[in-house]
Amino acid sequence: MRRAALFVLAGLSAAGVAAAQGTAPQNATLRRAVQAAENLNLPQAITLANQALGQHMNATDQERAYSLLGDAYSNQPDGFDKAMNAFRQVLLINPERQLDPNRTATKTLVAFNMALSTMLLVRGVTVDSSSFVVGQGAVPIHFTVTSPARVHIKAVSAKTTVNIDSSIANGTVNVRWNGTLPNGDPVPAGDYTIVVDAAAEQNTFSAGARVHVSAGTVDTLAHLTSMPGYSKLPDMEVPPRSWRPLGVSFLYAGIAGAGTLALENSQLGSANRRELSLVAVGVLATGVVMMLKKPSPVPAQGNILYNKLLDEQLIRRNADIAQQNVTLRRQVRLTVAPAAVTK
Amino acid sequence: MKRALVLVALCAFAAPVSAQFVNVGVQGVFGDYRELGPALSYNGGGIGGIAELNWHKFSGDFQIAKINFNPASGSAATDKFTSTQFDAHLRWFLASGISLETGYTKRDISPDFTTQDFTAIRAGVRANYGLGPGVNLLLRGNYLAAAKFSGGGTAPLALELGLGLSVGAANNRYRFTADYEFQRIDRKTTISGTDYKVPIQQAVARVGAAIGLGR
């Protein structure tokens, strides 16, 4: 009898009835129930705990009251079902609730585990701290699903949502997240929530863990503005001075003069050719000026072609550099560190 | 007056074609005119105008000139006259500065019958050579067909030779022009069943400036 009483007291302690919560309940009736349980007066503890649940209490006191009831009922004859229901309420309030198997009575543990197995819960979502180069590592994610369910895991941030895994799972689940977007790029640095959605028939449950992702710096290659070792040639070039303008002027004026002489009708006598002289002198003078004048720049076809080839090479090189930079940006080192756990 | 209106109308028609060049200009004109023999020779001067249009491979110009001819020194002629000459040149560019040219020329003489009024259709070629930006030389030769004279007669041989110079801005906004035109017309008339040779020869020089409109 003494041994059984010790187990009950140990179970109450492990179930958080007394010292596990660290502070005394705020509700006075619950405090009396806890006191009764500590005095091993289980019937009174049950009565007072039920009375307390009829009163307004905060979530911590509610969890403590149901926990006390579960523990007390599990040590009462024919109280197993009530204990299980009480523990179900505990798990609804705090899905992460654990009992220390070394400090809890077997009956209490059985009732708690039975309650756990009849519910769909995702417990203990944890993300290990990890630092890895994208494509060469991953961050481990662990959690427990209390009953068979389809589990969908995703990373959610303010900017994006990345699907990590989706499968049927039960019990302890370990997955690895490579920290990439669907296109292979690393996820942007920032705060993420690893969300685990579990669904089985009509039951669903979600749990999450907050992580912070930071990205290392990446040395990318700068784009080229010119081809190293090559420089463009001028598109226009000044041709050398030429006799051609004067020659053509002489030719045109000569044809006009000779034509006039040839066409002149001898019956009409010789013309004074004032008009021809006026224009021909202008033509010849223009020819002289154009010969002496520095020629205007003209398009240098060879240079234009050379520059075009250089531009094409430059475009190709920059396209290669852009491709290399895409690869380099994907090889960034990501550091994933867990933050606060959320429900 | 009628011809001036035609010229203005042509300019007004050409102006909206802003996609191409339209040039209009004024010219001082100098001329030498001979008919029948050395005794009938005249020279004089006057004023003229030109409107030129370039449209794709086609180009054309319309010129009008009014020249007051006086008997040349040593000439037996006594009457002075005024010649109003209208010329139209239409060209189709072939290649390398060579264009086919056709057109019309009409010369009215006042007072009537001082010398011969003359109309003809011209057909020939024109060569255009660019010495540099905005500097061009022109050479043209035409056959003057279907010649008609106020005094009657025909001209089986009527030729025209031209030399031109254009110097201006590369963008064609302005330019100075000089143009020489020589016509030989072997006119023949028949009087009382007898054929007479009445040749006509005219040399005209036009010196002026033009401005370019449109693009």
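Two residues are said to be in contact when heavy atoms of theirs lie within 4.5 Å, and with that meaning in mind we can start where the two chains of this predicted model meet. By this criterion, 32 residues of chain A are in contact with 40 residues of chain B. Tyr252(A), Leu263(A) and Leu268(A) together supply 26% of the area that chain A buries against chain B, which is more than any other three residues supply. Taking both chains into account, the area buried between chain A and chain B is about 2,900 Å², and carbon and sulfur atoms give 71% of it.

What kinds of polar pairing does the rule find across this interface? It finds 0 salt bridges between chain A and chain B, whereas 9 residue pairs, both members at pLDDT 80 or more, are in polar contact across the interface. On the side of chain A that touches chain B, the elements giving two or more residues are helix H7 (244–263) and helix H8 (274–292) of chain A, and the largest share, 12 residues, comes from H7(A). Sorted by class, the residues on this side of chain A divide into 16 nonpolar, 12 polar and 4 charged.

From the interface we can turn to the largest pocket, in which about 730 Å³ of space lies. Of the 38 residues that line this pocket, the closest to its centre are Glu52(B), Asn54(B), Arg126(B), Asn128(B) and Arg175(B). When the whole lining of the largest pocket is sorted by class, it has 12 nonpolar, 17 polar and 9 charged residues.

Definitions and conventions: Residues are numbered from 1 along each chain as its sequence is written. Chains are lettered from A and ligands numbered from 1 in the order in which they are written. This is a predicted model: local features need pLDDT of at least 70, side-chain atom pairs count only at pLDDT 80 or more; totals for chains, interfaces and linings use all residues. Side-chain values use heavy atoms; hydrogens and water are left out. Buried area is the accessible area (1.4 Å probe) that two parts lose on being put together, summed over both. A salt bridge is a side-chain nitrogen of Lys or Arg within 4 Å of a carboxyl oxygen of Asp or Glu. A polar contact is a pair of N or O atoms within 3.5 Å; within protein, one must be able to donate a hydrogen and the other to accept it, and residues adjacent in sequence count only if both atoms are side-chain atoms. Helices (H or I, at least four residues) and strands (E, at least two) are DSSP runs, numbered from the N terminus. Ala, Val, Leu, Ile, Met, Phe, Trp, Tyr, Cys and Pro count as nonpolar, Asp, Glu, Lys and Arg as charged, and the others, Gly among them, as polar. On a 1 Å grid over the protein atoms alone, a cavity is a set of points where a 1.4 Å probe fits but cannot get out, and a pocket is an open set with protein on both sides within 12 Å along at least five of seven lines; lining residues have an atom within 4 Å of a point. Grid points are joined across faces, edges and corners, and a volume is the space filled by probe spheres set on the points.
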